[in-house]
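The report below concerns a predicted model and begins with one of its pockets before turning to the strands around it.

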Amino acid sequence: ETSAQLILLIATNPALRQGLRDISLSIAMPEDTALATSDPQAAWQPHTQTLLWKISRLPPTEAPRRYSASLTGSRWTPMQPLQIQFGCEGSLTSMLPKPQSSATAGEAVPA
């Protein structure tokens with residue numbers, strides 16, 4: 001059994017003056033994965049192998065928030081995409097989400 005670390009840095013685009021609300025971050029993990037620890041605490045849904053964080057509000061003026069999870073498993077296959085749901089005031093027609101990462105998308109980084 002091996003372990004890996006998942007780290008997410010989440011920030012709101014400053015153009016969204018009211019920030020984001022009712023944010024849900026979820027990612028499905030390989031079948032034999034288990035959650036060891038998370039900060040802040042995440043919900044682990046074993047029937048779907050899904051890690052879930054819920055955030056009530058994220059103002060646009062804050063520095064990125066860090067969400068991390070230590071995971072255990074016997075094999076690391078490419079993970080499913082990170083799913084993000086949120087509410088906001090205004091329009092998002094001219095904005096595109098941009099992942100900022102030093103790891104390759106779907107790459108499990110050993111802890």
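Three strands, namely strand 2 (20-28), strand 5 (50-58) and strand 7 (83-88), each supply at least two residues of the lining of the second largest pocket, where strands are DSSP runs of E with at least two residues, helices are runs of H or I with at least four, and both are numbered from the N terminus. The largest share of this lining comes from strand 2, which gives 4 residues. A pocket is here an open set of points on a 1 Å grid over the protein atoms alone, where a 1.4 Å probe fits, with protein on both sides within 12 Å along at least five of seven lines, and a lining residue has an atom within 4 Å of a point. The second largest pocket holds about 170 Å³ of space, a volume being the space filled by probe spheres set on the points, which are joined across faces, edges and corners. Its lining consists of S24, S26, I27, A28, Q45, T50, L52, Q80, Q83, I84 and Q85. Sorted by class, this lining has 4 nonpolar, 7 polar and no charged residues, with Ala, Val, Leu, Ile, Met, Phe, Trp, Tyr, Cys and Pro counted as nonpolar, Asp, Glu, Lys and Arg as charged, and the others, Gly among them, as polar.

The model is predicted, so that local features need pLDDT of at least 70 and side-chain atom pairs count only at pLDDT 80 or more, whereas totals for chains, interfaces and linings use all residues. Residues are numbered from 1 along each chain as its sequence is written, and side-chain values use heavy atoms, with hydrogens and water left out.

The protein has 0 helices and 8 strands, and from the N terminus on its elements run β-β-β-β-β-β-β-β. Of its 111 residues, 32% are buried, where buried means under 20% relative accessible area, exposed over 50% and partly exposed in between, with a 1.4 Å probe and protein chains only. Among contacts between residues at least 6 apart in sequence, 77% join residues at least 24 apart, a contact being heavy atoms within 4.5 Å.

An open sheet is formed by 4 strands in the order 4-5-2-7, with antiparallel pairing; two strands pair if DSSP finds at least two bridges between them. Strand 4 and strand 7 are the edge strands, each pairing on one side only. Neighbouring strands of this sheet are turned by 20° against each other on average, direction ignored, with axes taken as lines fitted to C-alpha atoms, for helices over the stretch in contact, and angles between N-to-C directions running from 0 to 180 degrees. Strand 2 and strand 5 run antiparallel and are joined by 8 bridges, and L25 has W53 in strand 5 as its bridge partner. Strand 4 (residues 43-45) is likewise antiparallel to strand 5, through 3 bridges, and here A43 has L52 as its bridge partner. Strand 4 and strand 5 also form a hairpin with 4 residues between them.

Four residues of these strands and of the hairpin turn can be set side by side.

| Residue | Place | Relative accessibility |
|---|---|---|
| S26 | strand 2 | 13%, buried |
| D22 | strand 2 | 56%, exposed |
| S56 | strand 5 | 60%, exposed |
| Q49 | loop between strand 4 and strand 5 | 13%, buried |

Leaving aside residues up to four places away in sequence, S26 touches T50, L51, L52, P81, L82 and Q83. On the same basis, S56 touches L20, R21 and D22. The C-alpha atoms of S56 and R21 are 5.5 Å apart in space, although the two residues are 35 residues apart in sequence.

The backbone has some further points to record. D22 is not a glycine, yet its phi is positive, at about 50°. Q49, which lies in the turn of the hairpin between strand 4 and strand 5, also has a positive phi, near 55°, in a residue other than glycine. The peptide bond that joins D39 and P40 is cis, with omega about -10°, and P40 lies in the loop between strand 3 (34-39) and strand 4.
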